[in-house]
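Biologist: I have a model on the screen and a list of labels for it. Take me through the reasoning behind them, please.

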Amino acid sequence: MSEEKKEKQSVWNQYKEAEKQELETINRGYRDFLSRCKTERESVREAVRQAEAAGYRNLLDVVRQGKRLQAGDKVYAVNMKKAIVLFNLGDDPLEQGMNILGAHIDTCRLDVKQNPLYEDGGLAYLDTHYYGGIKKYQWVTLPLAMHGVVVKKDGRVMDICIGEDDDDPVFCVTDLLIHLSQEQMKKNAAKVIEGENLDILVGNYPLEDEDKESVKAGVLKLIKDKYDIEEEDFHSAELALVPAGKARELGFDRSMTLAYGQDDRVCAYTSLAAMLETGHMKRTACCLLVDKEEIGSVGATGMQSHFFENIVAELLNACGGYSDLSLRRILANCKMLSSDVSSAYDALYADAYDRKNVSYLGKGMVFNKFTGARGKSGSNDANAEYLGELRRIMDDNQVHYQLAELGKVDLGGGGTIAYIMSLYGMQVIDSGVGVMSMHAPWEVTSKVDVYEAKKAYAAFLREA
């Protein structure tokens, strides 16, 4: 099918009934994943559960037991409970490289500070620091849920999830009433809500017999009694405020999904699904889900760490053929889809897009030859030869796809993990799903694009 024909036809109308049923099945699983996995820790936990159910073993257990790996073995490794990599070993020697799907599982949110709880005006608040690129004004007056962990001094890890069940309380950031907002409304959008004002309202009930900071004292007593959390425990906690509520079907026709955290869990979910369905492989398949992309892929759990390289070294050693040269050859010979989202066209903001080079909801998964900003700065720029190979694979497998950029030349731009992996010399391109309202508390995707992305990732793992 020609590129021109793809752009003019609705992908929905090209499906047979069996494909529509498969599409709905995949999207039901996707919505369930989004509803239950709102942090990177929750996403990794779910990935491990699914991987072990599909026959994957923990690579570190294999290493500790001194066992050898061979073609057909399936293993995974977890990095600090916030990143995971899976391998399905193929018949070809590892030195010939792997086919890699790489996505990130962190999303924009409000993180609770280490000294957060305070009282002012008879109200108790938690101080926060926003994570990732957000429009701060979008986060006020939303029902928010608290997800994360509190680690006690004795090492106990307490999982926290408050605000998702119907009987749970929720939290919110307040806003100034319109009647008193004359000065506030004069500020530009970047300043109308300041970062230091994204504090979470958590209490108003004073503790009886307390003269000073009685509301704060009441909150502390409650969380001690109910959750065994003391004020000092915030020092060793990772708590995030995220939009409360489940992923929902969007539109009269139910053709779309409205949910928090689709950037980039839409690509993480479809990559994982494609990986777990792989059977016996000729070339080793790999799925890599990492943390910290929204803040530059930094830290021990981000793509800039040596986690992936170290685990590939362990894998090579467990296969009985480790050397530094072999490791370098593996990494250089890999082919990768950096599975990340693209900006989808929104007719209400048409001036931001080059309509010839933008993705559209419902037109299939998206390839971005390059990302970056203003002159491709900070971009991975994929080779034309690699794109040619990918076009063949997609067409041979009846995958609907688009070629796009993130926006107009002097407006668009953004980073992914692609440029980091390209440093090894491997072939890398960004590919994923178009998202509307990206980085907003609630984002929009098309069911079609989720389905086509999963098909594309599965075809890539089999045939690249």
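Modeller: One cut-off before we start: contact means heavy atoms within 4.5 Å. Keep in mind that this is a predicted model.

Biologist: Which residues does Leu86 touch by that rule, not counting residues up to four places away in sequence?

Modeller: Leu86 touches Ala51, Tyr56, Val75, Tyr76, Leu272, Met275, Leu276, Ala285, Cys286 and Cys287. Leu86 and Leu337 are the residues with the most contacts inside the largest nonpolar core, which has 59 residues. Helix 11, residues 447-463, gives the largest share of this core, ten residues.

Biologist: What makes a set of residues a nonpolar core?

Modeller: The members must be buried nonpolar residues joined through side-chain atoms within 4.5 Å. In soluble globular proteins, nonpolar side chains tend to be buried together. Here another core, of 34 residues, lies apart from the largest one. Leu94, Leu327, Met336 and Met421 are among its members.

Biologist: Now the helices. Why are helix 3 and helix 6 called roughly parallel?

Modeller: Helix 3 (residues 40-53) and helix 6 (residues 262-276) pack at an angle of about 15°. Angles under 35 degrees count as roughly parallel. Helix 3 and helix 6 therefore earn that label. Their axes are 11 Å apart, and the crossing is right-handed.

Biologist: Which residues of helix 3 and helix 6 meet?

Modeller: Helix 3 brings Glu40, Ser43, Ala47, Gln50 and Ala51. Helix 6 brings Arg265, Leu272 and Leu276. By class, this contact has four nonpolar, two polar and two charged residues.

Biologist: Why is the pair of helix 6 and helix 11 called oblique?

Modeller: Their axes cross at roughly 45°. Roughly parallel needs an angle under 35 degrees, and roughly perpendicular needs 65 to 115. The value fits neither range, so helix 6 and helix 11 are oblique to each other. The axes come within 8 Å, and this crossing is right-handed.

Biologist: What is the make-up of the contact of helix 6 with helix 11, by class?

Modeller: The count is ten nonpolar, two polar and one charged. Helix 6 residues in the contact include Val266, Cys267 and Met275. Helix 11 residues in the contact include Val450, Tyr457 and Leu461.

Biologist: How do you know that helix 9 is roughly perpendicular to helix 11?

Modeller: The axes of helix 9 (residues 384-396) and helix 11 cross at roughly 110°. The range for roughly perpendicular is 65 to 115. That makes helix 9 roughly perpendicular to helix 11. These axes come within 10 Å.

Biologist: Which residues make that contact?

Modeller: Tyr386, Leu390, Arg392, Ile393 and Met394 come from helix 9. Ala456, Ala459, Phe460 and Glu463 come from helix 11. The contact has seven nonpolar, no polar and two charged residues.

Biologist: Why is Ala418 called buried?

Modeller: Its relative accessible area is 0%. Buried means under 20%, so Ala418 counts as buried. Ala418 sits in helix 10, residues 418-422. Leaving aside neighbours within four places in sequence, its contacts are Ser338, Asn380, Val428 and Asp430.

Biologist: And what makes Asn99 count as buried?

Modeller: Asn99 has 0% relative accessibility. The limit is under 20%, so Asn99 is buried. Asn99 lies in strand 4, residues 98-104. Beyond four places in sequence, it is in contact with Arg283, Thr284, Ala285, Cys286, Lys335, Phe460, Leu461 and Ala464.

Biologist: Why are Met80 and Gln398 called exposed?

Modeller: Exposed means over 50% relative accessible area. Met80 has 53%, so Met80 is exposed. Gln398 has 54%, so Gln398 is exposed too. Met80 is in the loop between strand 2 and strand 3. Gln398 is in the loop between helix 9 and strand 18.

Biologist: What is to be noted about the phi of Met80 and of Gln398?

Modeller: Most residues other than glycine have a negative phi, and most peptide bonds are trans. Phi of Met80 is positive, near 55°. Gln398 also has a positive phi, about 50°.

Biologist: Where is there a cis peptide bond?

Modeller: It joins Asp263 and Asp264, with omega about 15°. Asp264 lies in helix 6.

Terms used. Residues are numbered from 1 along each chain as its sequence is written. This is a predicted model: local features need pLDDT of at least 70, side-chain atom pairs count only at pLDDT 80 or more; totals for chains, interfaces and linings use all residues. Side-chain values use heavy atoms; hydrogens and water are left out. Axes are lines fitted to C-alpha atoms, for helices over the stretch in contact, and angles run from 0 to 180 degrees between N-to-C directions. Helices (H or I, at least four residues) and strands (E, at least two) are DSSP runs, numbered from the N terminus. Angles under 35 degrees count as roughly parallel, over 145 as roughly antiparallel, 65 to 115 as roughly perpendicular and the rest as oblique. A crossing is left-handed if the near helix is turned anticlockwise from the far one by less than a right angle, and right-handed if clockwise. Ala, Val, Leu, Ile, Met, Phe, Trp, Tyr, Cys and Pro count as nonpolar, Asp, Glu, Lys and Arg as charged, and the others, Gly among them, as polar. Buried means under 20% relative accessible area, exposed over 50%, partly exposed in between (1.4 Å probe, protein chains only).
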